[in-house]
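Q: Please take one part of this model, the pairing of its strands, and go through it closely. I would like a connected account that also says something about the surroundings of that part.

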Amino acid sequence: MDGSPDTDRGSRDAEASGFRWTVLFWVLGASLVFAIGTEAFTTQAITSFRGSDFYEHSAAIRALLEDGFPPPSPMVVSDAGSPRYMPHFVLLAALGRMLSFDALRTMALASTVNIALLVIGAFFFFRALFRDSRAPLYGLIVLVGSWYSAWMYSNVYQLHILFGIAAYPSIACVGLTMIALAVCIGVTRSPTVPAGRLLLLTVLLAYILLTHAVTAMMALTATALLALTAPGVRWKIRALLLTTTVAGCLLALLWPYFSVLEVILGTGGGQQSWVAHLGGSGGRDPIYVTDSFDLGAVMQTLGLAIAGLAAIVILLVKRRHLFIPLSALAMLVPFLLNFVTRIPLGSRFILLTVFFLQVGLVWMLLMVSPGYHERATPLRRPWLGQAPVILLLLLMVGHNLRLTDLHLRRALHGRTPGRPSDVVLRYRRMADLAGEGAVVIGHRLDTWPLPAFGVKIVDPKHINPLLPDTTERKLAANLFFSPEATFAERDEIIRRYRVTHVLVKGAPAPCLEAWFDGRQTDPGPVGDGYTLYSLHEPAR
């Protein structure tokens, strides 16, 4: 054992350096949580976009805040539940109720909590995986900064997009996935059978599966592959980890608010599978232009993560951290199969692949950093390795700060400081005018935000597989505004769905105006060209 002064000094220098990198990580992480949390509790720019998924999430939070167990559908008049009644939202609603928050403020709380989970997950995962104090800082910057100009989707966590979708459950699940992988890594390195960690991993996987099924595909795949490929692990531990992965799926079946099998497979009476239609209302996926793959759009989304492809090849050849390249390839399979036959959300799996490309990129940055333990030979000029890495990380930060500034300026253009968005004010007026228990029929996008303010609608934009009459509702809403509809058909729609109000933008079509003339209606202008017609003879 060498106890020379030089050895002791080197050890102290390494500890001090490690401490500095850790401090830098937590300063950056805390700044990220503070910035996004502050924006969520003040301007909440995402509310300016009426078609955003934010309003569906808000409606579910509102129902959980106000209604009993189990709450009815948050969007329509129905006893059917909702896949949005996930454990993450149940816990957030409980916390929001304790703090006397309304739905929008609870969504702001969700933004703060989710970003905190992302930061915490990055710290534990990258530190556990690479066992280097620089890895968490590299990892956090790469996660939010390696994208070039990504789509505003779930499972995209580029900095400027996080300001819009931080409250979405997918962001929480990315953070929880990293925590689950960190726990799994700890289990593979444990000399004994860590029952507590296995139980924690089981709960985490069930929580992720119930909260965001798409992200769960990434979490379950990576956990299983890590269990199978981690070096030097006893087969008993591997078997226990694989059993834990299955146990997490089975535990999810006990969730009382909905059946995860019904949600994923569409066997709960609804006509559609939630997984098959999670992304929207049937519009074309922007990953595709016409019927062909838009390579340029994908490359812009991938950004510097494309360099992770080199890491995937190197890691496979060197047989290091095999779960990273194997998970990336596993996530690519549905994406590539989508070229042959369209499969549920197949195109979105490229976004799950990005995570593993980013992890590979972090490994590459560490490999060219001085003192990284996986290097067989030290760098000849250590400063030449560290300087380019720091420069690249700073470029990522600068590019994304510029995009974030542009995004927020555009979203907040014309907003009066301290006031809610025009969309929030308009739909609050509609809800106040409609009153408690109101049901509004209108064009799908026009009525979409209303349930967030306590008013039910007829035809939600997104599919709910637990709702048995989803298709009929869409057909009925289309027929109601069609010039082909008879007065009797409109009256039947009003009776069937207990409609109390009709929302119209601009002047009503002549056929609808004639129908209004035949009923007792009370038009109420609510701004921006919208009129809410109150029907004084609603069917009960």
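A: A residue is called buried if its relative accessible area is under 20%, exposed if that area is over 50%, and partly exposed in between, with a 1.4 Å probe and only the protein chains considered. Strands (E, at least two residues) and helices (H or I, at least four) are DSSP runs numbered from the N terminus, and two strands pair if DSSP finds at least two bridges between them. The model is predicted, so that local features are reported only at pLDDT of at least 70 and side-chain atom pairs only at pLDDT 80 or more, whereas totals for chains, interfaces and linings use all residues. Numbering starts from 1 along each chain as its sequence is written, and side-chain values rest on heavy atoms, with hydrogens and water left out.

The part to look at is an open sheet of five strands, arranged in the order β4-β3-β5-β7-β6 with mixed pairing. Its edges are β4 (456–457) and β6, each of which pairs on one side only. Starting from the β4 edge, β3 and β4 run parallel and are joined by two bridges, with V439 having K456 of β4 as its bridge partner. Strand β3 (residues 439–441) is also joined to β5 by two bridges, again in the parallel sense, and here I441 is matched with V502 of β5.

From β5 onwards the sense of pairing is antiparallel, since five bridges of that kind join β5 to strand β7 (residues 530–535). Two positions illustrate the register of this pair: L503 has L532 of β7 as its bridge partner, and K505 stands opposite Y530. Strand β5 (residues 501–505) has four of its five residues buried, so the rest of the structure largely encloses it.

The same verdict is reached for β7, where six of the six residues are buried, so that this strand too is largely enclosed by the rest of the structure. In a regular strand the side chains alternate between the two faces of the sheet. In β7 both faces are covered: the buried residues on one side are Y530, L532 and S534, while those on the other are T531, Y533 and L535. Y533 also belongs to a separate, second core of 17 residues that includes F481, L512 and W515; a nonpolar core is a set of buried Ala, Val, Leu, Ile, Met, Phe, Trp, Tyr and Cys residues joined through side-chain atoms within 4.5 Å.

At the other edge, strand β6 (residues 521–527) runs antiparallel to β7, and six bridges join the two. D522 is placed opposite S534 of β7, and S534 is one of the buried residues on the face that it shares with Y530 and L532. The two strands form a hairpin with two residues between them. D528 lies in the loop that connects β6 and β7, and its phi is positive, about 60 degrees, although the residue is not a glycine. Most residues other than glycine have a negative phi, and most peptide bonds are trans. With a relative accessible area of 48%, D528 is partly exposed.

A second non-glycine residue with a positive phi, Q44, has a value near 45 degrees. Q44 sits in the loop between α1 (5–41) and α2 (54–66), and at 11% relative accessibility it counts as buried.

As for the setting of the sheet, the secondary structure of the chain comes to 22 helices and seven strands, and buried residues make up 55% of its 540 residues. The largest nonpolar core has 158 residues, among which F125, F126, F130 and F355 touch the most other members. Helix α4 (residues 103–130) supplies the largest share of that core, 16 residues. Leaving aside residues up to four places away in sequence, F130 is in contact (heavy atoms within 4.5 Å) with residues including A135, H321, I324, W363 and Y372. T106 is also found in helix α4 and is buried, its relative accessible area being 0%. With the same sequence neighbours set aside, T106 touches I61, L65, L92, A93, G96 and F101. Over the whole chain, 70% of the contacts with a separation of 6 or more are between residues 24 or more positions apart.
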